[in-house]
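Please open the model in your viewer and keep the sequence panel beside it, since the tour moves from one selection to the next.

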Amino acid sequence: GLGSMALFRSGLLVLTTPLASLAPRLAPILTSAARLVNHTLYVHLQPGMSLEGPAQPQSSPVQATFEVLDFITHFYTDADVHRHLDVRILLTNIRTKSAFNPSQPTSVQNLAHPPEVVLTDFQTLDGSQYNPVKQQLVRYATSCYSCCPRLASILLYPDYGTGELPVEPLDVPLPSTIRPASPVARSPKQPVRGYHRGAVGGTFDRLHNAHKVLLSVACVLAQEQLVVGVADKDLLKSKVLPELLQPYAERVEHLSEFLVDIKPSLTFDIIPLLDPYGPAGSDPSLEFLVVSEETYRGGMAVNRFRLENGLEELALYQIQLLKDLSQKENEEDKVSSSNLRQRLLGALLRPPHNRPELPPSLYVIGLTGISGSGKSSIAKRLKGLGAFVIDSDQLGHRAYAPGGPAYQPVVEAFGADILHKDGIINRKVLGSRVFGNKKQLKILTDIMWPIIAKLAREEMDQAVTEGKHVCVIDAAMLLEAGWQNMVHEVWTVVIPETEAVRRIVERDGLSEAAAQSRLQSQMSGQQLVDQSHVVLSTLWEPQITQRQVEKAWALLQERIPKTCQALD
């Protein structure tokens, strides 16, 4: 059976059944493929092809119709259940009705991940794993694509469903998912028009199946060049959890690999998108723009902008949003990058540090984040789960107190006018001196940070005495102070800066300008995340924050024993 076979890293699925008949069987076909392939699944559409007979089957063009576009959308929708699979529907043999179609490629196409196994839904006459059919399948696959030298072949039909496939194709149209610019009703068999050049845009963070639908439709429509705008800089500021966005270069790399795989005959111009219009608003040679339901109004705005500047309107193709079947309480109901970023909260993003100089029985977390991010609430939740919490602010209070290790050095550095009448340091007065003044702030931190670090190490010894195994150092300036050398992992709490300012104003009674000045003296959320192992956020309701912390804690418990063994 399929379940007993070893997983292949990449595979090629050749679909031979007519699309209308195939649609109801997509889910079981994909489930069977997902049991065999654990990384990249390429999909080659060749409906009506036979793998029986002595002659080697040849790849033939598939007419691009709205049924084909709808099928591509439904395939990616069904594939979203199998998140480990990087599905790529190959478009090389899908041709639009156009006088300027490029000639059919005669050479073997190189793929980014050469398939190790070729699968098909082809039904043999006797319903068995008919060996000559499997041999023909391998010959066909290797005549079209670069594959691994020892390509395995598997017929999925006996395993993916009950009952026989219908002999005649079922004339049942797929639900419509593509809306062309023209309001005229279109039929599933209606050919899709081809264009010389077109455009599509998006953030393309953690390239997912909704992105792939958008890009695939654009690639089918374009015959010569596709301009792809990738959101960057100011356009990213309003995104959910922008600190967890992949860097622009990384997004472009993944995007480019996918596009070249699915349609290598196109020229791709991938450019940074810095304003809502991008090249779609100014390039006279563009003919179409692919948008989603969500960005359709933006596409209309692009056309108004073009008309105002004497350019022709673009043909708009609107794609339905893909529903996210794994949606959680605070997430969008569509497949989206923001959902994927939220699911990273609490997970380990990079390997922990090995800290042999720390107590071997104690695992230390450094908890940080910009002022107002909600570190204290996270620390309390971790304490409730069993962690020993060291509050660096409390250590600072101890150090500042009369007779404390920092009292005399601070008074000597900043003068007696920072003292209350009773001799206690007035931290508000001291803060007004240093926030916004880098030179004065450095004088203070050079005094305070080494002292607080020493006190924190004493607290760690206390945690060991109490038999605690996890210690959390709650410190806003953890990374600036260089205390990452005192922890195994850095956990950062992120919040939008506007929300942080609102919280600081409400909590500390400061003006907005003073709150912003305080934030400017700290590392940004992005700088903190770039050096972090785990990211959390208090942006949503308390119960959602609690679930994040519980997830992070449970995952931490799984890796602590391994790390402790390495430290022994």
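With which residue does Arg-502 form a salt bridge, and how far apart are the closest N and O atoms? Select Arg-502 together with Glu-499: these two form the salt bridge, and their closest N and O atoms are 2.7 Å apart. A salt bridge here is a side-chain nitrogen of Lys or Arg within 4 Å of a carboxyl oxygen of Asp or Glu. Because the two residues are three apart in helix α15 (residues 497-508), they are separated by about one helical turn. Arg-502 is partly exposed, with a relative accessible area of 42%; buried means under 20% relative accessible area, exposed over 50%, and partly exposed in between, with a 1.4 Å probe and protein chains only.

Before going further, note that this is a predicted model, in which local features need pLDDT of at least 70 and side-chain atom pairs count only at pLDDT 80 or more, while totals for chains, interfaces and linings use all residues. Residues are numbered from 1 along each chain as its sequence is written, and side-chain values use heavy atoms, with hydrogens and water left out. Helices (H or I, at least four residues) and strands (E, at least two) are DSSP runs, numbered from the N terminus.

**More salt bridges**

The structure holds 27 salt bridges. Select Arg-83 and Asp-80 next, which form one with the closest N and O atoms 2.9 Å apart. Arg-83 is partly exposed, at a relative accessible area of 37%, whereas Asp-80 is buried, at 10%. If you extend the selection to Asp-324, Glu-331 and Arg-343, you will have a network of salt bridges that links these three with Asp-80 and Arg-83.

Now move to Asp-283 and Arg-197, a salt bridge whose closest N and O atoms are 3.2 Å apart. Asp-283 lies in the loop between β11 (267-273) and β12 (288-292), and Arg-197 lies in strand β9 (residues 195-202), so the pair ties together parts that are 86 residues apart in sequence. Asp-283 is buried, with a relative accessible area of 19%, and Arg-197 is buried as well, with 14%.

**Strand β2 and its partners**

Select residues 37-45, strand β2, which is mostly covered, seven of its nine residues being buried. Strand β1 (residues 8-15) pairs with β2 in the parallel sense over seven bridges; two strands pair if DSSP finds at least two bridges between them. To find the register, select Phe-8 and its bridge partner in β2, Val-37. Strand β4 (residues 86-90) also runs parallel to β2, joined to it by five bridges, and here Tyr-42 stands opposite Arg-88 of β4.

**A five-strand sheet**

Further along the sequence, select the open sheet of five strands, ordered β15-β16-β14-β17-β18, with parallel pairing. Its edge strands are β15 (388-391) and β18, each of which pairs on one side only. Neighbouring strands of this sheet are turned by 25° against each other on average, direction ignored; axes are lines fitted to C-alpha atoms, for helices over the stretch in contact, and angles run from 0 to 180 degrees between N-to-C directions. Strand β17 (residues 489-494) and β18 pair over four bridges, with Trp-491 opposite Val-534 in β18.

Add helix α11 (residues 392-400), which packs on the sheet by touching β15 and β16 (470-474), its direction making about 50° with that of β15. Helix α14 (residues 438-465) packs on the sheet too, touching β14 (363-369), β15 and β16, and its direction makes about 165° with that of β15.

**Ser-532**

Select Ser-532, in the loop between α17 (525-529) and β18 (534-537). Ser-532 is buried, with a relative accessible area of 0%, and its side chain reaches the backbone oxygen of Leu-528 at 2.6 Å. Leaving aside neighbours within four places in sequence, Ser-532 is in contact (heavy atoms within 4.5 Å) with Leu-349, Arg-350, Val-490 and Thr-492.

**The cysteines**

How many disulfides are there? The count comes to zero, a disulfide being a pair of cysteine sulfur atoms within 2.5 Å. For Cys-148, the nearest cysteine sulfur, that of Cys-147, is 7.5 Å away, and Cys-148 is partly exposed, with a relative accessible area of 23%. Finish at Cys-219, which is buried at 0% and whose sulfur is 19 Å from the closest cysteine sulfur, in Cys-144, too far for a bond.

Definitions and conventions
A polar contact is a pair of N or O atoms within 3.5 Å; within protein, one must be able to donate a hydrogen and the other to accept it, and residues adjacent in sequence count only if both atoms are side-chain atoms.
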